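User: I would like a close look at one part of this model, with the surroundings filled in afterwards and the cut-offs stated where they matter.

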Amino acid sequence: MSGKIDQELFTTHEHALTHQACPECGNELTMRFGKRGPFLGCSQYPNCEFIQPLHQNDGHIVKHLGKPCPECSDELVLRQGRYGMFIGCLNYPTCHHIEPLEKKAEDTHIACPSCDRGHLIERKSRYGKMFFACDQYPTCRFAVNHNPVSGCCQSCGYGLLIEKKLVSGMKLQCADRKCHAYQDVVESEPNE
């Protein structure tokens, strides 16, 4: 095997691009590679510094929603942006109204065992994983990764249990990090 690198392998996808003229100077645009990935740049660089990204994540419209914008009454649209999908006004950049796609946090109606003022609500981490946290954040930073269940621990008396899925089935566990005791299932006696 020779130590030479076949340059044609690295430029085959470059030939698939249609040759475009630079809108600033009229010379040909060529594919370049930077720390954020490939882009098109003017062949006369550094005299002409025009660049164009290959992937357009600039908020292009994916779908018209047919609902009015609460700020300007124009139509709301689903857009694809740099950080994912979002709902925005069709009248952008004149109107800057945006809405997240995520639904409102669901209240579990379970009191927070840490601060006794808030309730636990369902949240989503930036990686898409669900967890339950106190709605008094940032004053109270209590959070659990499993479904919370009302009840007291049989070992330490802590005021919250969590559902834990095990190989043997669903078990209840103390939510206190110091205890984590599994709970005995108390079966109700049949009525005679």
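In which strand does Arg 79 lie?

Analyst: Arg 79 lies in strand β5, where strands are DSSP runs of E of at least two residues and helices are runs of H or I of at least four, both numbered from the N terminus. The model is a predicted one, in which local features need pLDDT of at least 70 and side-chain atom pairs count only at pLDDT 80 or more, whereas totals for chains, interfaces and linings use all residues. Residues are numbered from 1 along each chain as its sequence is written, and side-chain values use heavy atoms, with hydrogens and water left out.

Arg 79 counts as buried because its relative accessibility is 9%; buried means under 20% relative accessible area, exposed means over 50%, and partly exposed lies in between, with a 1.4 Å probe and protein chains only. The side chain of Arg 79 reaches the backbone oxygen of Cys 89 at 3.0 Å. This falls under the term polar contact, a pair of N or O atoms within 3.5 Å, of which, within protein, one must be able to donate a hydrogen and the other to accept it, while residues adjacent in sequence count only if both atoms are side-chain atoms.

The strand that holds Arg 79 has a partner: β4 (residues 60-68) and β5 (residues 75-81) pair in the antiparallel sense over 5 bridges, pairing being assigned if DSSP finds at least two bridges between two strands. One of the bridge partners in β5 is Gln 80, which is matched with His 60. Together β4 and β5 form a hairpin with 6 residues between them, and Ser 73 lies in the loop that joins these strands. The phi of Ser 73 is near 70 degrees, a positive value in a residue other than glycine. Most residues other than glycine have a negative phi, and most peptide bonds are trans. Ser 73 counts as exposed because its relative accessibility is 59%, whereas Arg 79 is buried.

A second positive phi, near 50 degrees, is found at His 180, in the segment after β14 (169-174); with a relative accessible area of 35%, His 180 is partly exposed. On the peptide-bond side, Tyr 45 and Pro 46 are joined by a cis bond with omega of about 10 degrees, and Pro 46 has its place in the loop between β2 (37-42) and β3. Tyr 137 and Pro 138 are likewise joined by a cis bond, again with omega of about 10 degrees, and Pro 138 lies in the loop between β10 and β11 (143-144).

Turning to β3 (residues 51-53), Ile 51 is found in this strand and counts as exposed because its relative accessibility is 56%. Leaving aside its neighbours within four places in sequence, Ile 51 is in contact with Phe 39, Leu 40 and Gly 41, contact meaning heavy atoms within 4.5 Å.

The largest nonpolar core has 18 residues, of which Cys 112, Phe 142, Tyr 158 and Leu 160 touch the most other members; such a core is a set of buried Ala, Val, Leu, Ile, Met, Phe, Trp, Tyr and Cys residues joined through side-chain atoms within 4.5 Å. Strands β10 (130-134) and β13 (160-166) each supply at least two residues of this core, and β13 gives the most, with 3 residues. Beyond four places in sequence, Phe 142 is in contact with residues including Pro 113, Leu 120, Phe 132 and Cys 134. A second, separate core of 7 residues includes Cys 22, Leu 29, Cys 42 and Cys 48.

Despite these cysteines, the count comes to 0 disulfides, a disulfide being a pair of cysteine sulfur atoms within 2.5 Å. The sulfur of Cys 115 is too far for a bond because the closest cysteine sulfur, in Cys 134, is 3.7 Å away; Cys 115 itself counts as buried at 19% relative accessibility. The sulfur of Cys 179 is 3.8 Å from the closest cysteine sulfur, in Cys 153, and so is also too far for a bond, while Cys 179 counts as partly exposed at 25% relative accessibility.

For the protein chain as a whole, the secondary structure comes to 1 helix and 14 strands, and buried residues make up 23% of the 192 residues.
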